[in-house]
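Please look over the sequence and the model that follow before reading on. The paragraphs below start from a single residue and then widen out to the whole chain.

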Amino acid sequence: MAKSLLVVGHGPIGHSFLEKIASGEYKVSVLCEEPRPAYNRVMLTQYFEHMDTEKHDKMKLSYVSEEELKDLKVELIYGRAVGIDRESKKVSYTSGESTLTAGYDVLVLATGSFCFVPPVPGMTIPEKKNVHWPDDPASRPEGVFVYRTIEDLESLLATVKAGAKRAVVIGGGLLGLEAAKAVYDLKLESHVLEMAPYLMPTQLNEAAGSVLCKKIVDLGVHVHCGVQIKRVVQEDGKVTGIELLEKGAEAPNILETDLIIVSCGVRPRDELARQCGLELGARGGVKVDSGLRSSDESIYAIGEVAAIGGNMCYGLWAPGVEQAEALSQNLLQGSGTAEYHSSDLSTKLKLLGVEVASFGRSADFWFKRQFDGKDPTVKFIESKDDVSGTYRRLCFSEDGTKLMGGVLVGDAKDYTKLLQLSKKDDLGGSDPASLAFRRPPPGAVAGAPVDGGDGTGLADDDVICTCVSLTKGQVRQSIIDMEAYTVPAIKKACKAGTGCGGCVSPVGEVPKLLAHTLKKLGKAGATGICAHFSYSRRELFDIIKVKQLKSFEDVLTTVGKVGTGNDGCELCKPVIASILAGLWNDHALREGRDQIQDTNDRFLANIQKTGTYSVIPRCPGGDITPDTLLAFATTAKKYGLWTKITGAQRLGMYGAKIHDLPDIFKELVDAGMETGQAYGKSLRTVKSCVGSTWCRYGQQDSVTMAVTLEHRYRGLRSPHKIKMAASGCLRECAEAQSKDVGVIATQAGYNLYVCGNGGAKPVHAKLLATDVTEEVCLQYVDRFLMFYISTAKHLQRTAPWLAELEGGIEYLKKVVIEDSLGIAADLEELMANNRGNFKCEWKEVAYDEDLRKKFKQFANTNDVHDSEQIEYVDMRGQRHPNTYSPPDITGAALFSKDQATATWEWIFAGKVTDYPKNGGLSVKHGTQELAVFHLPKQAPEDQWLATQNLCPHRQARSISRGLVGEQLSGVLTLADPIYKTTYNLRTGEGLGNPNFNLSTFKTKVEDGKVFVQVPPCQEMEEAFEAKIQAAFEAEGKEYKKKVGGPIAAPKDLSW
């Protein structure tokens, strides 16, 4: 009988061990304290990305799903360990209100660490100390947080949403600055308190810490070094401030704050070891030998809780992974197979956007502070660049022949190379000054590069992923032997990049190695837009233009790869749709083009998280009449829509149901409005000030110029959205220099700026031309836009496009102004063709019955029902969807077409002629909804496929609106239109996330009618409602909104 192995703690190190031990001879269980399997704590701040938006991915940091643990034959137990009975070999744990036990033959403690909270008055509530959970939030007053888990982050976020404006982070080390990044991302006024004279005193010398401090202060973060914390100020048990003595001050002062994050170090979670009498390390932790065995021969420890030899607990990722590897070998191959003694403490990371690295030959580099000049046998060379804000200090042996270590701030590109060099017995042919100042050594001659020409600067035996201790040679072999031809495949094959992620970033070493290896394998041709096309967007644009191709089918047939299936995919379809629109500007919904569009273009409006849409008419230059305002308000009120002035200076109405869109379009068009194409990768808006018409500073009529620009370029489709602005004078009130195209009035005409972008990575626009007339300005804009549209990558905005353009703005001036390529006339002709083909897409739908049918809610009935999964609340006098997002519905699908029972019934799903080719429609079944897809190019059994319409991710009823495609393997795919979650359309299995799965149903066609076999209405409704209710309960949320009810009719406003 297999021995039972119990792992206590399912963090990153615990999971690393499970991956190595699970396929062996043990019956493996893991006790997980958190309400989710292991995830990446190193990248914890990334959990905030896209928070409260459709793009937020709660699973982003996950290493593994519950289903994948089952596949590994690992039993996942949720609960908090509270005691170990070594005699009976049982671990007691609490789960809810119950106390249970789990037995073991072998016990592995991977309990990690907890946040050290300094014993400052008011920082904790001593009487509420939890001996089983040191990080228990109940042991701290309201407003004091630690920064350790996703639950910590969500509690912090709730406080911010409740109105917190200012935050104090205690700790200026690695953990403190990571917490400061979270606070900074939440747009709070941020203060960092560090007791030492400078930041990161454990890893950096004072000069390096000071450079780091300045870069962080320049971001707007307040840094207080050399402070003494006296007490936490509270009012009614809630934090209101912190009393501290600043460096050099004579008396303490109170810094007001709404919350405090304590992140000033960790301590090993050794409370279980203390309770059961295991021998402890000198400074805590479970004392273990070189085989990771504790004083009890059946109990082992790894990670932050393991005190190696009783002396050292490692708080970094890589040592824990190495310990997990050694222990797995000893348990699988016999005691003594592997030994663990120590690990490298070198580290590189990005703190608040600033690269910081510290590396050394041995632990003496830090413990003896060799980097700080404390060791007379170590010499150093330092360089500081105040212009770029970078600093580096490299430390050498007394005779200058060995690199002992170094610290890097602001620029750590050569960290990996220097780290490898610090482990060698010489300087690799270089000299100290050349390494310190990054220049070739004297007398250097060109020779074969050490990296074999792959651009990494690394030899095969150099470590390329420090988190998992993988060499470049090992990663290359994984690429070759396991056919890991993409970065995600490399992560799965050898775990490279699963730690901090730096080595697999776009500028990391792994992508360089991958590209070079693929080229040598003869596989470097995989550079097209997807597996179906070997061409880039730019190449496809030229091919489609020259060959006059007008449909996706024509493009796939003419230039698609042979043997890649009968259809494209969710990647290539929108790209081809964009190119066709940019060249020919035909209506997006005619002649099958609707089925290659993302949902926004398919329904001519922006989809929202509820599955409804926003409708934003064009408002050229922001110039609008009172009558137009009244008409807009009347329509919004009639259909119960939320209204807002958008960030792009336009009127927006939100919450429009798909079947109401044609009527809304008609009312707006009849009132003189037209589509604003806020849903498309197209011209969004032209912002303007009031110009010379009203402003005493105005040089030109900027409003008229803005209207001219907007009318000229409306309907223009491009690789990404385009924003413009017109300012009436150099005071620049319209912020033209932050736009893709910006014009600023002068006395002589206009200055023309291009390639400015706002958003996540703001870029200042570049000056293209000065004092040009309106006519010349428009001519240059014509040329610039069409040159961008014809050469940019898909979804590439103008700023990064210009950054990649060889020669930059000077080259662009030659092309646009001097016509250096001789293509100016062609570019102007393309733009003229676009303008000539413009038609308001809303108007076309409003007055075309065939196009109107594409907006029906259901294919099998004219009835409608409420499909929204979030209830509405009153907020600031408007009807507003509640601010939460429904929980994900995970696990196996509820129904499968292969398991249909005798109680299932065939229901009418619409006429064959109603269905689009290569697309889907929704079907009503009582209160439930199905998604039925027509794929006429597939084999007969796959020409009609049906699934649930409910998307497991956030519960929108939108699956029928997704893009269908086909992988090279023949798998038919579906991409959810809101979150782009992908599924196997035949089986319903989640492809991007195996936790998300769709129910599937059989179909048949008789006499031109489509039928679907489904469970009875009540059975189906009860099953889905139970699943949804359970998902809400699992997240501790109240289930408030049930779909499928009646919809209120539009109001009669004939007033």
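Which residues does Arg 36 touch, not counting residues up to four places away in sequence? In this predicted model, Arg 36 touches Tyr 78, Ile 150 and Glu 151 once those sequence neighbours are set aside. Arg 36 itself is placed in the loop between strand S2 (27–32) and helix H2 (66–71), and with a relative accessible area of 21% it is partly exposed, because buried would require a value under 20%. Lys 644 offers a point of reference elsewhere in the chain, for Arg 36 and Lys 644 are 608 residues apart in sequence and 38 Å apart in space, taken from C-alpha to C-alpha.

From this one position we can step back to the protein as a whole. The protein contains 27 helices and 49 strands, and its C-alpha atoms fill a box of roughly 80 × 80 × 65 Å along the principal axes. A compact globule of 1055 residues would have a radius of gyration near 31 Å, and the 32 Å found for the protein agrees with that expectation. Buried residues make up 54% of the 1055 residues, while the accessible surface comes to about 45400 Å², of which 50% belongs to carbon and sulfur atoms. Among the contacts with a separation of 6 or more, 61% are between residues 24 or more positions apart.

The charged side chains deserve a closer reading. The protein has 125 positive and 135 negative side chains, and the centres of these two sets lie 2 Å apart. With a salt bridge taken as a side-chain nitrogen of Lys or Arg within 4 Å of a carboxyl oxygen of Asp or Glu, the count comes to 50 salt bridges. One of them joins Asp 296 to Arg 86, where the closest N and O atoms are 2.9 Å apart. This pair links distant parts of the chain, 210 residues apart, since Asp 296 is in the loop between strand S18 (286–288) and strand S19 (299–301), and Arg 86 is in the loop between strand S4 (80–85) and strand S5 (90–95). Asp 296 counts as buried at 11% relative accessibility, whereas Arg 86, at 29%, is partly exposed.

Other salt bridges can be followed in the same way. Asp 270 pairs with Arg 274, with 3.0 Å between the closest N and O atoms, and Asp 270 is buried, having a relative accessible area of 7%. Lys 793 and Glu 804 also meet through their side chains, at 3.2 Å from N to O; Lys 793 lies in the loop between helix H21 (774–791) and helix H22 (798–804) and Glu 804 in helix H22, so the pair ties together parts that are eleven residues apart in sequence. Lys 793 is partly exposed, at 47% relative accessibility. In addition, salt bridges that share partners join Glu 33, Arg 80, Arg 269 and Glu 271 into one network.

Finally, the backbone can be considered. Most residues other than glycine have a negative phi. Lys 187, although not a glycine, has a positive phi of about 65°; it is placed in the loop between helix H4 (174–185) and strand S11 (189–194) and counts as exposed at 71% relative accessibility. Arg 876 is likewise not a glycine and has a positive phi of about 50°. Its place is in the loop between strand S38 (872–875) and strand S39 (878–881), and at 69% relative accessibility Arg 876 counts as exposed.

Key
Residues numbered from 1 in each chain as written. Predicted model: local features only at pLDDT ≥ 70, side-chain atom pairs only at ≥ 80, totals over all residues. Heavy atoms only, no water. Helix = DSSP H or I, 4+ residues; strand = E, 2+ residues; numbered from the N terminus. Rg over C-alpha atoms; globule rule 2.2 N^0.38 Å. Buried < 20%, exposed > 50% of the residue type's maximum accessible area, 1.4 Å probe, protein only. Contact = heavy atoms within 4.5 Å. Areas by Shrake-Rupley, 256 points an atom, 1.4 Å probe, with all protein chains shown as cover. Lys, Arg positive; Asp, Glu negative; His and termini not counted. Charge placed at Lys NZ, Arg CZ, Asp CG, Glu CD.
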